[in-house]
Amino acid sequence: MFSNNSKVSTRQIKRLLILDIFSTTSLILPRIAVDNADQDGVISIIIGTAIALLYASLIIMVTKKIRGNFIEYSKLVLGSFLTYIIAILYTIKIGYSCVYVVRMFSDVITTTILPTVSYKIVIASIILVCSYAASKGMEVRGRLAELLFFIVLIPITFVLALAIPKVNITYTMPLFVNSVKDIFSGGYSVFITYSAIELLLFASPYIKHSDKLLKPVISGVCLVGFFNIAIFLITVGLFGVEGTRAMQYPALAIMEIIRLPGGFLGRQDALMISFWIISIFAVISAGLFYLSIILKQTIKAKEQSYLVIPFGIIIYFVTTMCTADQLGYENFSRYMAYIGIPQSIIIPIIILLIAKIRGGKKVD
């Protein structure tokens, strides 16, 4: 089942990508889509997923070009100064994403499972565990992904299947009642939730047969898109547009109303939410891992593991010192919409174009 080498397989990277994207999008996507386009949010999800597929193709095109260290390749194409700026921009984006997910994660835990525990203790525990996982490198992350993939997706699929008979299909109708602008605006907001695709830029040196990424990545994004559509339709079908809009994490509400056959578990909602929480651990450890990789590639450090420590400390203090409103989705989505996502599209395109003009070489 596991590969015994220093790199991960394309199967493992596909599962890592699915966990990195799905874990957070599934919690907040129904509300995002409803806020933009009401029941037409399902069309927005389809549009956002289609944009994500195009973006994934762009990223894979870059990884095929460099076949190695993205930062080193950027230095060859753009020079050291611009590369340092690029490294800072990606560090800010990934770091901000980690802070947002850690705060969201701690909110979910303290609300559903550990209401009497201080959120600072929860955040510290999250960062310690995720820092340890990140310090172990890509191979360990790949092996964990093969286990977590089934541990997370099978129970969630089971719960969604149990929810289907309770869905009122009329809540999801009619379609195409919102303006094209609102639907496409929702599509862009949905696309933002797929931004973890860009992490493939920095994962390339750790992927075996990185030139064969297209098929597994595209199929992984499509699978996430399928789950997102299913969760949206079930959430809106259960709670309606306004009910979904009023919830902070609509998907978690599904867990609370579904009862397993026989009713043999008193807190099955906490059990099912735990599976979701496991996947979010993978997301945060991914952010810490790639932050340390960017720093390693930038300063040409020999080891990556110890570089996780300063990022873990920074994320802890930022997360605990800022208020919930400052770290809320509104501020995060505004940053991603106007800075984070545009930079993630523009930078790879500029590097590709300049490399083509200069006839850039591959970095092994």
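Arg-31 and Asp-35 both belong to helix H1, which covers residues 10-37. Four residues separate the two, about one turn of the helix. The model described here is predicted. In it, Arg-31 and Asp-35 form a salt bridge. Their closest N and O atoms lie 3.7 Å apart. An α-helix has 3.6 residues a turn, so residues three or four places apart point the same way. Side chains of opposite charge can pair when their charged atoms come close. Arg-31 has a relative accessibility of 26% and therefore counts as partly exposed. Asp-35 has a relative accessible area of 40%, so this residue is partly exposed too.

A second pair sits within helix H3, residues 70-78. Lys-75 and Glu-72 are three residues apart there, so about one helical turn separates them. Their side chains meet in a salt bridge, with an N to O distance of 3.9 Å. The two partners fall on opposite sides of the 20% cut-off for burial. Lys-75 has a relative accessible area of 15% and is therefore buried. Glu-72 reaches 22%, so this residue is partly exposed.

A third salt bridge joins the side chains of Glu-198 and Lys-93, at 3.0 Å from N to O. This pair links distant parts of the chain, 105 residues apart. Glu-198 lies in the loop between helix H7 (180-192) and helix H8 (200-203). Lys-93 lies in helix H4, residues 80-112. Both Glu-198 and Lys-93 are buried. Salt bridges that share partners also build one network from Arg-31, Asp-35, Asp-38, Glu-242 and Arg-245. The Arg-31 to Asp-35 bridge in helix H1 thus has its two residues in that network. In total, the structure holds 11 salt bridges.

Helix H1 also contains Ser-26. The relative accessibility of Ser-26 is 0%, so this serine counts as buried. A polar atom of its side chain lies 3.4 Å from the backbone oxygen of Ser-23. Beyond residues up to four places away in sequence, Ser-26 touches Asn-228, Ile-231, Ala-251 and Trp-276. Thr-193 is 167 residues from Ser-26 along the chain. Even so, the C-alpha atoms of Ser-26 and Thr-193 are separated by 9.4 Å.

Thr-63 is found in helix H2, which covers residues 41-66. With a relative accessibility of 1%, Thr-63 counts as buried, because the limit for burial is 20%. The side chain of Thr-63 reaches the backbone oxygen of Ile-60 at 2.7 Å. Thr-63 is also in contact with Leu-200, Leu-201, Ser-204 and Leu-213, leaving aside neighbours within four places in sequence. Two of these contacts, Leu-200 and Leu-201, have numbers that fall in helix H8 (200-203).

Helix H13 spans residues 329-358 and has 30 residues. At 1.5 Å a residue, this helix should span 44 Å. Its end C-alpha atoms are 41 Å apart, which agrees with the expected span. Helix H13 is bent, however, by about 50 degrees at Met-336. Gly-359 follows the helix. The phi of Gly-359 is positive, near 65 degrees.

Technical notes: Residues numbered from 1 in each chain as written. Predicted model: local features only at pLDDT ≥ 70, side-chain atom pairs only at ≥ 80, totals over all residues. Heavy atoms only, no water. Expected span 1.5 Å × (residues − 1). Bend = angle between axes of the 7 residues up to and from the residue. Salt bridge = Lys/Arg side-chain N within 4 Å of Asp/Glu carboxyl O. Buried < 20%, exposed > 50% of the residue type's maximum accessible area, 1.4 Å probe, protein only. Polar contact = N/O pair within 3.5 Å; in protein donor to acceptor, adjacent residues only side chain to side chain. Contact = heavy atoms within 4.5 Å.
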